[in-house]
Amino acid sequence: MTITAVSPLMLVTQTLPLLEKCKTITELRQLHAHIVKSNLVNHTSTITKLISLCSHHGGLDHALSVFHRIPDPNPFIFFSLIKQMTESSSPTEAVLFYARMLSSLENLNGVEFLLPALLKACSKSCALEEGRQVHGQILKTQMLFDPYVANALIRLYSELGCIGLAHRVFDKMAQRDQVSWNSLITGYLRVGEVELARAIFNEIPERDLVSCNAMIDGYGKSGKCELAEEVFRTMHHKDVVTWTSMVSGYVFNHRPKEALGLFREMLSQGIRPDAPALVSVLSAIADLGFVEEGKWVHAFICTNKIRLNSGFIGSALMDMYAKCGHIGNAYHVFENIAHYRNIGDWNCMISGLAMHGLGHEALDIFLDMKMKEIEPDEITFLGLLTACNHGGLVDEGRYCFELMQEKYGLVPKIQHYGCIIDLLGRAGHLEEAVDVIQNIPIEADAIVWKAILSACTIHGNVAIGESAALKAIDLAPDDSSCYILLSNLYAKVGRWDDVGNVRLMMKQRGVRKIPGSSSVLMNGKVHEFLVGKEMNVKYSVEVCTKIEEVVSRLKLEGYKPDLSQVLLDIEEESKEDSLILHSEKMALAFGLINTSKGSPIHIVKNLRICCDCHSFIKLVSGVYNCRIVVRDQNRFHQFENGSCSCKDFW
DNA sequence: GTAGGGTTAG
């Protein structure tokens, strides 16, 4: 950049266009040096432009240092600096700077244009106190008459959960617009007050699209899909947000088939899916567990040139592939987004590897993160601990648990404790696990006691197991798995009377077991089997005959049904019958009938796979020479040649 | 300058 020596006026007319041309903070610094040398530092419009460009190009510090040398800054300079501060990581500074502006400017005309951004910054950084101060100052002026300002206040209080304050601002407004109503509705929905939100929704003079969309989403997130559907159906005009809200409502309530069905309907109506719509359908597919439609979505993303870094597309794709058993494809996506990964992408990859039992690979990803100086967060460590847990990597798990606290200053949450306790307990370090649980600085929940209990069940430690079970049952009296684990523990050591007592306790308290359910994809259709019965009567006889045939063949190979974990206090023979009707066995039999030799059978189960089914499927994979992939509640099992990828560690 | 949908989590 060359500037020839000319008169001051000429300099100004030359400098301004040059400023406009600057693309980087370095160029701006060079030009600033020139401005100083040419005595233009007191030329208001030049300096205003310089400051606004510096702050716009990420040089907030430089902009501030220029600002501090101006004796009498004008409103534009304040505005441009505050605007940038609200978008940076320090909204508190923006509020302080705003206060400074109020005391140094006499004419505050136009300041209301700044307030929505400032209040948004407060809500983004949970700065309620600062927000209230701004509110207090606003009350002294006439600015509340500006709908944008009042709405921004409703939004601030709504987002921070102070719905009472939001409602008060709303009540005091002389003129409410759609945005005011919608902000209030969202506020009520955010604190879980669906019925109050509905009451306000009913009062809206003219309902718009946005308020209906908000209600659909709110109903979905509070488990009321039917009410969401009702709003959805009555809408004459729907946009992509309407459809996505309904789709994600189904996803949230673990109704992935309906989510997928609705997504297809959306396409058939000619609505073009955007990034959020694709992310929500990908999460439906991830929940369902079968990759076919996921591949279609991936292809759609590629052909429509939707960037993998728009929104959460990259991580949603990785998550979908990982949860559908295609960890290699997940890694492929991970590689493709190497240049613009965010922390969620790294976490998805680590969690994905964890659920496949690939502990060392997950740790390698973490090493890569360290090398690239990416700051891990608590979810990263939850993934790493899970990875160590599923891989049986005790030392590495202990190391991660210490590292997160000592090097990264992260405070472990109860889930982290649950994970490390599970890892220690499972690997037989029961005393260490108990020691950890006794020293948790936060309140232990049922999950950590269940981790101890399940370790005791594996290792047959009744004394510790019983007391852990009582604590777990006390904290989660409706959670059937606490009772079932305790009953399994008693069964393991042959205390059948106590097994009966636990069963009685469950009955008296009305605690119900979640029925096991397994799905298998055949000819493009998902077939679901429930424990004790098949969903589709048509296949009933065929499936039962096949299981019996498999059982007798396996018995020749030495299969002995493991009756120890059958909860029912019944005759041995009926126990065997009830084992046979486990959903994953039925799904497997159905798969064996309908799969041509050589192709793998893929099963998705809602609960943790039981010991008997695990050894049963191992044998099947050997005797029938086929590959069987099972995703259970926690992780993947790849059965092949008589053994499982989890190395019996699950 | 204001309102609605999306990822990773024992």
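Ala, Val, Leu, Ile, Met, Phe, Trp, Tyr, Cys and Pro count here as nonpolar, Asp, Glu, Lys and Arg as charged, and the others, Gly among them, as polar.

This is a predicted model: local features need pLDDT of at least 70 and side-chain atom pairs pLDDT 80 or more, while totals for chains, interfaces and linings use all residues. Residues are numbered from 1 along each chain as its sequence is written, chains are lettered from A and ligands numbered from 1 in the order written, and side-chain values use heavy atoms, leaving out hydrogens and water.

**View 1. The protein surface near DNA strand B.** Near means that a heavy atom of the residue lies within 4 Å of the strand. Strand B is surrounded by 49 residues, and the closest are Arg 155, Asn 213, Asp 274, Cys 419 and Ile 447. Of the strand's atoms that come within 4 Å of the protein, sugar and phosphate make up 46%. By class, this surface has 19 nonpolar, 18 polar and twelve charged residues. Its largest share, six residues, comes from helix 11 (residues 178–190); helices are DSSP runs of H or I, at least four residues, and strands are E runs of at least two, numbered from the N terminus.

**View 2. Reaching the bases of DNA strand B.** Asp 239 puts a side-chain N or O atom 2.6 Å from a base nitrogen. Glu 112 uses a backbone N or O atom, 3.0 Å from a base nitrogen. For Asn 347, a polar side-chain atom sits 3.2 Å from a base oxygen.

**View 3. Helix 19, mostly covered.** Ten of the eleven residues in helix 19 (residues 313–323) are buried, meaning under 20% relative accessible area (1.4 Å probe, protein chains only). After the helix comes Gly 325, with a positive phi near 90 degrees.

Definitions and conventions: Polar contact = N/O pair within 3.5 Å; in protein donor to acceptor, adjacent residues only side chain to side chain. Buried < 20%, exposed > 50% of the residue type's maximum accessible area, 1.4 Å probe, protein only.
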